[in-house]
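Trainee: Could we go through this model together? I would like to begin with how burial is judged.

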Amino acid sequence: MMKAKHLEKGNTIGVVSPASPSENRSEIVRAKEYLENLGYKVVIGRNVNKTKGFTAASEQERADDINEMFEREDIDAIFATQGGLWICPDHRQTGL
């Protein structure tokens with residue numbers, strides 16, 4: 001079984017919205033400030049605050065955000081803003 005590494009101060013957390021958007025954009029700002037106050041660096045996905053229907057951004061934009069976070073070597077953890085159903089079968093990154 002693969003386990004995530006323990007996060008340490010100075011590590012970088014990527015934040016994405018792979019399903020539903022946050023109800024209030026201010027939640028993202030407050031969460032970022034909170035994590036930074038704990039000593040982490042925070043990178044917000046480019047499409048976190050977009051909305052398309054009941055999802056956060058288009059399928060392609062949501063897939064781009066999460067794939068970018070997995071590809072970036074400076075990202076130590078990825079946090080999702082909310083749970084929900086993520087239907088992007090044509091946009092999944094393979095070989096990670």
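Mentor: A residue is called buried when its relative accessible area is under 20%. Please keep in mind that this is a predicted model.

Trainee: Is Asn47 buried or exposed, then, and why?

Mentor: Asn47 has a relative accessibility of 10%, so it counts as buried. It belongs to the loop between β2 (41-44) and α2 (59-71).

Trainee: What does Asn47 touch?

Mentor: Leaving out residues up to four places away in sequence, Asn47 touches Ala57, Glu61 and Asp65. With Glu61 there is also a polar pair: a polar atom of the Asn47 side chain lies 3.2 Å from the backbone oxygen of Glu61.

Trainee: Let us turn to Thr12. Where does it lie?

Mentor: Thr12 is in strand β1, which covers residues 12-16. Its relative accessible area is 6%, and therefore Thr12 is buried.

Trainee: Which backbone oxygen does the side chain of Thr12 reach?

Mentor: That of Asp74, at 3.4 Å. Asp74 is also among the contacts of Thr12 beyond four places in sequence, together with Lys41, Val43, Ile75, Asp76 and Ala77.

Trainee: How are the helices and strands arranged along the chain?

Mentor: The pattern along the sequence is β-α-β-α-β, with two helices and three strands in the chain. Of the contacts between residues at least 6 apart in sequence, 75% join residues at least 24 apart.

Trainee: And how much of the chain is buried?

Mentor: Buried residues account for 35% of the 96 residues.

Trainee: Which residues form the largest nonpolar core?

Mentor: There are seven: Leu7, Ile13, Val15, Leu35, Tyr40, Val42 and Ala77. Apart from that core lies another, of five residues, including Val16, Val43, Met69 and Ile75.

Trainee: What does Val15 touch?

Mentor: Not counting residues up to four places away in sequence, Val15 touches Val42, Val43, Ile44, Gly45, Val48, Met69, Phe79 and Thr81. Val42 is a fellow member of the largest core, whereas Val43 and Met69 belong to the other one.

Trainee: One last topic: what volume does the largest pocket have, and which residues line it?

Mentor: Its volume is about 220 Å³. The lining consists of Met2, Lys3, Ala4, Lys5, Leu7, Ile75, Asp76, Ala77 and Ile78.

Trainee: How do the lining residues divide into nonpolar, polar and charged?

Mentor: Six are nonpolar and three are charged, with no polar residue in the lining. Leu7 and Ala77, both in the lining, are also members of the largest nonpolar core.

Methods. Residues numbered from 1 in each chain as written. Predicted model: local features only at pLDDT ≥ 70, side-chain atom pairs only at ≥ 80, totals over all residues. Heavy atoms only, no water. 1 Å grid on protein atoms, 1.4 Å probe; cavity = no way out; pocket = protein on both sides within 12 Å on 5 of 7 lines; lining within 4 Å. Points joined across faces, edges and corners; volume = space filled by probe spheres on them. Nonpolar A, V, L, I, M, F, W, Y, C, P; charged D, E, K, R; others polar. Core = buried A, V, L, I, M, F, W, Y, C linked by side-chain atoms within 4.5 Å. Buried < 20%, exposed > 50% of the residue type's maximum accessible area, 1.4 Å probe, protein only. Contact = heavy atoms within 4.5 Å. Helix = DSSP H or I, 4+ residues; strand = E, 2+ residues; numbered from the N terminus. Polar contact = N/O pair within 3.5 Å; in protein donor to acceptor, adjacent residues only side chain to side chain.
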